[in-house]
Amino acid sequence: MNFVIKKYKSLILLLLTIGLVSCSGTKRTQEALNSGNYYSAINASIAKLSANKTKKGNQKYITMLEDAFAKNTKRENKEINFLLKEGNEANYEKVYNRYLELESIQERINPLLPLYLSEEGRKAKFSFSDYTNKILTSKEKLASYLYSNASGLAKSASTKYDYRKAYNDFTYLEELSPGYKDTKQRIEDVYVKGIDYVKVKSYNASDKIIPEDLENELLNFNTYGLNDLWTTYHTNPQKNINYNYEMVLEFVSINISPEAINEKQIIKEKQIKDGWKYVLDTNGNVTKDSLGNDLKEDKFIKVKSVFNKLTQHKEANITAKVSYFDLQTNQLINAYPITSGFVFEHIYGNYSGDKRSLDSEYLGFSSQKAVPFPTSEQMIYDSGEDLKLKIKNIVKAYKFN
């Protein structure tokens, strides 16, 4: 009986929850409609009706969709008329996008039709319009404006930023109306003029020789994964390019430590099981269990060894600096000090005494032998891997404008 009552209560709770969620949904949609957020009310209503347009609980959404659509259409057309009467060519984009949105709403509602309001005994009314000609006309005017505006920007440009604005307008125009006049050529023209060209060189102020392979890798910007649209780095400057900036990678100091082998003696002791023995009573007799069997126990002994731990150690440290110069003013813009290092360490060893006192770590060391130390050149090269990452982070983050 209690089980039936609990199940009944759970069912009531579930239905109440569903009802509250449903009421909450219609309330939010109605609030959006009342506050003039027609687009939100339209979206919410379409979503509910797309799931089930004949559901009795969704009748309110039909009414709200009908109301929101009519009010949104009226307001948008009023705004479009105002934008057109204002006579500002820069408004063409807004007009074009508003017509697209009005058409999009109609296309989303159309598959749901007809929608019936059962209590009123009628179909919901939606006054659709054909926006095709208005879209095409506003698109053509927008294209003409974009072309004229971008061309004007390119012609009167006094900074690279002007060329970049023209580039944005031309690329938008190409997306809007592919093949419009000579837009593709114009895009290429303003793009080249909007790029910041940076020549790159390195300078070794340390007393060490930089491996040629390392220097080539550090200056190979193709491996840095740079995707900056407006900055191009050249490690091999071209004569026909007027460079705006210069980036200098300077090796300030390179320190290589001496090859060292550090020895350390470690005493290891351990209690280990070593067979068994009989359990004796106080009189020295073997103790018996309840069945009369002799009692035995594990026998432990202490084992000891001396482990000679040998550590081969060598490290390299590089201090460098990345500097940016404005070639028009010959002034230093910014400088970024960076440090990098690489540590070579190899551990091996031997022992005397009982091997059983050693754990797996020391047993592993005992199986190792001394290895040749890396050359100073190799140490510098290995340090360069970390240096390369730091240079990459500087270059990716740096913005000239």
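What follows is a chat about strands, loops and backbone geometry in this predicted model.

Q: Let's start with the sheet. How many bridges join β6 to β7?
A: There are 17 bridges between β6 and β7, and the two strands run antiparallel. To place one pair, I267 stands opposite V306 in β7.

Q: And how many join β7 to β8, and which way do they run?
A: β7 and β8, the latter covering residues 331–353, are joined by 22 bridges and run antiparallel. V306 turns up here too, standing opposite S352 in β8.

Q: What about β5, how many bridges join that strand to β7?
A: Eleven bridges link β5 (residues 245–256) with β7, again antiparallel. In that pairing, N255 stands opposite N317 in β7.

Q: Back to β7 and β8. What do they form, and how many residues are between them?
A: They make a hairpin with four residues between the strands. N330 sits in that turn, and its phi is positive, near 55 degrees, in a residue other than glycine.

Q: Is N330 buried or exposed?
A: Exposed, because its relative accessibility is 62% and the cut-off for exposed is over 50%.

Q: Which other residue has a positive phi although it is not a glycine?
A: K181 has one, of about 45 degrees. Most residues other than glycine have a negative phi. K181 is in the loop between α6 (160–176) and α7 (183–194).

Q: Same thing for K181: buried or exposed?
A: K181 is exposed, with a relative accessible area of 59%.

Q: While we're on backbone geometry, where is there a cis peptide bond?
A: Between L113 and P114, with omega at about 0 degrees. P114 lies in the loop between α4 (92–109) and β1 (116–117).

Q: Switching to helices: how far apart are the end C-alpha atoms of α3?
A: They are 41 Å apart. α3 covers residues 59–86, and at 1.5 Å a residue its 28 residues should span 40 Å, so the two values agree.

Q: What follows α3?
A: G87 comes next, and its phi is positive, near 75 degrees.

Q: OK, on to the surface. Which residues make the nonpolar patch?
A: W276, Y278, L280 and V286 make it, and the patch is about 380 Å².

Q: Where is V286?
A: In the loop between β6 (260–278) and β7 (296–326).

Q: And how accessible is V286?
A: Its relative accessibility is 33%, so V286 counts as partly exposed. That value qualifies V286 for a patch on accessibility, because patch residues need over 30%.

Q: What does V279 touch, leaving out its sequence neighbours?
A: Not counting residues up to four places away in sequence, V279 touches N285, V286, T287, L295, K296 and E297. V286 from the patch is one of these contacts.

Q: Where does V279 sit?
A: V279 is in the loop between β6 and β7.

Q: How far is V279 from L295?
A: They are 16 residues apart in sequence and 5.5 Å apart in space, C-alpha to C-alpha.

Q: How accessible is V279?
A: V279 has a relative accessible area of 22%, so it is partly exposed. The cut-off for buried is under 20%.

Conventions. Residues are numbered from 1 along each chain as its sequence is written. This is a predicted model: local features need pLDDT of at least 70, side-chain atom pairs count only at pLDDT 80 or more; totals for chains, interfaces and linings use all residues. Side-chain values use heavy atoms; hydrogens and water are left out. Patches are made of residues with over 30% relative accessible area and no salt bridge: like charges are joined within 9 Å, nonpolar side chains (Val, Leu, Ile, Met, Phe, Trp, Tyr) within 5 Å. Accessible areas come from the Shrake-Rupley method with a 1.4 Å probe; for residues, only the protein chains shown count as cover. A salt bridge is a side-chain nitrogen of Lys or Arg within 4 Å of a carboxyl oxygen of Asp or Glu. Buried means under 20% relative accessible area, exposed over 50%, partly exposed in between (1.4 Å probe, protein chains only). Two strands pair if DSSP finds at least two bridges between them. Contact means heavy atoms within 4.5 Å. The expected span of a helix is 1.5 Å times one less than its number of residues.
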